[in-house]
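Hi everyone, thanks for making time this morning. I'd like to walk you through one model, so please have a look at the screen.

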Amino acid sequence: MLRKISTMTTLIITVAGSATRFNKDLDREVLKCIYYEESPKYALLYQLLDKARDLDEYIIVGGYLFNQLETFCNQELQEFRHKIKLIYNEHFLDYGSGYSLLKAIDSLPPNTKNVTFVEGDLFYTEEDFTKIIESKKNVVSINKEPIYANKAVVLYLDTQQHIHYLYDTAHKALNIKEPFCAVFNSAQMWKFNDANYLQRVRKRLTNEQEEGTNLELIDAYFRDLENGSIDIIPIETWYNCNTVKDYHHVYKFIKAHENN
């Protein structure tokens, strides 16, 4: 009798960027996902892992201040360390954000069932994250923030209800070049419900796409999926920590709700 092979659920977190907007408010260079006040449990990275305890594996891809990330994982994330696979992105300075995601996908175990991907400077509640991991479909997430070109990742639906993404790396202007039915501010959290298809999409990327943002892979994955295979999930509480001021909002939120 054949033994059934167990499958794995994986969380990918990318934290390779240099965080220039975050560090301009500090007197030292830090990796913003491990920055904290009062206790390491208030760091963004701890908060992300804490909400993903039901998943089997965490792949964290770093680059900038990688030694700090490694030390933090070993010393402050000991309760999660057996699940963490830490990967170094050697192109964090000269490639776009997408290469970190590709490095993670390339390291997925062959028995991976599905992959949840979140960017490492986010904060959200456990209730919102649970909606994503419990969905039986592929997931794209949206938030209620107004859309500004200097910070928003835009998700829009074309006239055929296909999903597309826009982001201006220069933080100046956005241009949708075709008719569309709906436009949202992306919450920058995704679930790829078919890891095998995800890997096939990854292999089809060109060299130019590999050096671009993570939206190259994400757009290619979701573009041709049937509408019925995708959940668009609104995230009620969502912070994107581009600055220390943004982190302070998160810290205050955690402190106000941690005993509830």
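Let's begin with helix H8, where the buried residues are Leu215, Leu217, Ile218, Asp219, Ala220, Tyr221 and Phe222. H8 runs over residues 215-223 and is mostly covered, with seven of its nine residues buried. Please keep in mind throughout that this is a predicted model.

Helix H4 is the next stop. Here seven of the nine residues are buried, so H4 is largely enclosed by the rest of the structure. The buried ones are Gly98, Tyr99, Ser100, Leu101, Leu102, Ala104 and Ile105.

Now let me step back to the whole chain. It has nine helices and 11 strands, and buried residues make up 52% of its 260 residues. What radius of gyration would a compact globule with 260 residues have, and what does the chain have? The rule gives a value near 18 Å, and the chain has 18 Å, which agrees. Along the principal axes, the C-alpha atoms fill a box of roughly 60 × 50 × 40 Å. To give you a sense of distance inside that box, take threonine 159 and glycine 63: they are 96 residues apart in sequence and 39 Å apart in space, C-alpha to C-alpha. Threonine 159 sits in the loop between S7 and strand S8 (163-166), and is partly exposed, with a relative accessible area of 48%.

On to the charges. As a reminder, side chains of opposite charge can pair when their charged atoms come close. In this model the count comes to 15 salt bridges, and I've picked a few to show you.

Which parts of the chain do arginine 202 and aspartate 106 tie together? The two side chains meet in a salt bridge at 2.7 Å, N to O. Arginine 202 belongs to helix H6 (residues 195-204) and aspartate 106 to helix H4 (residues 98-106), so the pair ties together parts that are 96 residues apart in sequence. With a relative accessible area of 11%, arginine 202 falls under the 20% cut-off, so this charged residue counts as buried.

For the second pair, look at glutamate 236 and lysine 144, whose side chains meet in a salt bridge at 2.6 Å, N to O. Both are loop residues: glutamate 236 lies between strand S10 (230-234) and strand S11 (238-240), and lysine 144 between S6 and S7, so this pair ties together parts that are 92 residues apart in sequence. Is lysine 144 buried or exposed? Lysine 144 is exposed, with a relative accessible area of 61%, while glutamate 236 is partly exposed at 46%.

The third pair is lysine 255 and glutamate 258, which meet in a salt bridge at 3.4 Å, N to O. Lysine 255 is partly exposed at 31% relative accessibility, and glutamate 258 is partly exposed at 32%. This pair also belongs to a network of salt bridges that links Glu38, Lys41, Lys255 and Glu258.

Next, the surface. Asp54, Glu126, Glu127 and Glu134 form a negative patch there. One of them, glutamate 127, is located in helix H5 (residues 126-134) and is exposed, with a relative accessible area of 57%. There is also a nonpolar patch on the surface, formed by Ile147, Phe180 and Val183, with about 230 Å² of accessible area together. Isoleucine 147 is found in the loop between strand S6 (138-143) and strand S7 (154-158). At 35% relative accessibility, isoleucine 147 counts as partly exposed.

I'll finish with the backbone. Most residues other than glycine have a negative phi, so two residues are worth a look with that in mind. Leucine 65 has a positive phi of about 50° although it is not a glycine. You'll find leucine 65 in the loop between strand S2 (57-62) and helix H3 (66-76), where it is partly exposed at 24% relative accessible area. Glutamine 188, also not a glycine, has a positive phi of about 60°. Where does glutamine 188 lie? It lies in strand S9 (residues 180-192), and at 3% relative accessibility glutamine 188 counts as buried.

That's my tour, and I'm happy to go back to any part of it.

Terms used. Residues numbered from 1 in each chain as written. Predicted model: local features only at pLDDT ≥ 70, side-chain atom pairs only at ≥ 80, totals over all residues. Heavy atoms only, no water. Patch = residues over 30% accessible without salt bridge, like charges linked within 9 Å, V, L, I, M, F, W, Y side chains within 5 Å. Areas by Shrake-Rupley, 256 points an atom, 1.4 Å probe, with all protein chains shown as cover. Salt bridge = Lys/Arg side-chain N within 4 Å of Asp/Glu carboxyl O. Lys, Arg positive; Asp, Glu negative; His and termini not counted. Charge placed at Lys NZ, Arg CZ, Asp CG, Glu CD. Helix = DSSP H or I, 4+ residues; strand = E, 2+ residues; numbered from the N terminus. Buried < 20%, exposed > 50% of the residue type's maximum accessible area, 1.4 Å probe, protein only. Rg over C-alpha atoms; globule rule 2.2 N^0.38 Å.
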